[in-house]
Amino acid sequence: MTTTTRLARRSATVLLALGLGAPLLASAETLRFSGNFTDDHSSSRAMEVFRDALAERTDGDLNAQLFPNMQLGGASENVDQVSTGSIAGTWIGISYLSRTVPELEALSLPFAFDSREEAFALIDGEVGEMLDEKLAEKGFTALGYMELGFRHVTNSERPLETIEDFEGLKIRLQPNETHLDTFRAIGASPVSMDINEVYGALQQGVLDGQENPYSIISTKRMDEVQQYLSDSGHFYDFIVVVTNRDTFMSLSEEHRQAVRAAMEEAVAWQRQTAAEEDDAARQTLIERGMEFTPISDETRAALREASHDVIGDLREKIGAEIVDQVLAELDA
């Protein structure tokens, strides 16, 4: 051992004994975030934007460690992990939180949104604030809402040209009662299933179809086990980034502000990127061999009419206030 090494070790020992070395060794904090989206999905890449921006804003004192692509389990497991505080946060489709916070289903009114801009205006306004409060009551802090996008039905049985073509199809949906009720209302046979089980179920013929944004259909390679593609756009879906509230509140005020600022940057990047990639993903699916059949205005009107009672049922289930607020803002 060299004289320089011995002196360095002796100095470190003295500092620790005096209590001066510990802050240097434990000054950086790490927040672990898990997600079920693939590495190349825009939300996972946005979380990398968040990670880099957070490290820059805090000079490396606060860092984010990311686990995309179901590395720490499926969506439901990620929610449980955040709830118990075993990880700091997750980025996840809002439906996976709707059983914990039923009011989130107010965003799932069937055939309600005409554009992503309309959806963003809703979630960035009073409705978003109301939902943030409901999440906080259940121990979550909402950091931001990204685009998951308009959801479209695929299947392996037939093109979807009329409402009758939905009849009896076993279609996988997220664990959201409003989603499930909507598909029952239009004659399908919906099945709630975690995303990590869907490809195998389609491959084995347990399911006839599924519904997702084009980006998910593409990145999950659903085209390999599905033939027919539609533009049903029955729901517009969000990805919410949530943290364990106690974990978030344990951060210093400066670090909490840095987290929110970094996430704001990431959300803006993701929304723009997702919009750019949406049409490209549909074209990719067509080029891979899926048969695309657009839903006619007449069929869309029939689907909307058939599912209309779902809105009334939802008002009774989660309360009229938030559902009426959503409807009022959409009609404004």
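Here is a short walk through the two largest pockets of this predicted model.

**Stop one: the largest pocket**

Start by selecting Asp-124, Asp-132, Leu-143, Gly-144 and Tyr-145, the lining residues nearest the centre of the largest pocket. You're looking at a space of about 290 Å³, with 17 residues making up the lining.

Next, colour three elements: α6 (126–137), β4 (140–150) and α11 (253–287), each of which gives the lining at least two residues. Keep an eye on α11, since the largest share, seven residues, comes from that helix.

Now try colouring the lining by residue class. You should find seven nonpolar and six charged residues, plus four polar ones.

**Stop two: the second largest pocket**

Move your selection to His-41, Ser-42, Ser-215, Thr-219 and Glu-277, which sit nearest the centre of the second largest pocket. This one holds about 180 Å³ of space, and 15 residues line it.

Which elements each supply at least two residues of the lining here? Show α3 (42–57), β4, α9 (214–219) and α11 and you have them. Once more, leave α11 highlighted: five residues of this lining come from α11, the largest share.

Switch the class colouring back on for this lining, and seven polar residues show up, along with five charged and three nonpolar ones.

**Last look: both pockets together**

Finish with just β4 and α11 on display. Both elements supply at least two lining residues to the largest pocket, and both do so for the second largest pocket as well.

Key:
Residues are numbered from 1 along each chain as its sequence is written. This is a predicted model: local features need pLDDT of at least 70, side-chain atom pairs count only at pLDDT 80 or more; totals for chains, interfaces and linings use all residues. Side-chain values use heavy atoms; hydrogens and water are left out. On a 1 Å grid over the protein atoms alone, a cavity is a set of points where a 1.4 Å probe fits but cannot get out, and a pocket is an open set with protein on both sides within 12 Å along at least five of seven lines; lining residues have an atom within 4 Å of a point. Grid points are joined across faces, edges and corners, and a volume is the space filled by probe spheres set on the points. Helices (H or I, at least four residues) and strands (E, at least two) are DSSP runs, numbered from the N terminus. Ala, Val, Leu, Ile, Met, Phe, Trp, Tyr, Cys and Pro count as nonpolar, Asp, Glu, Lys and Arg as charged, and the others, Gly among them, as polar.
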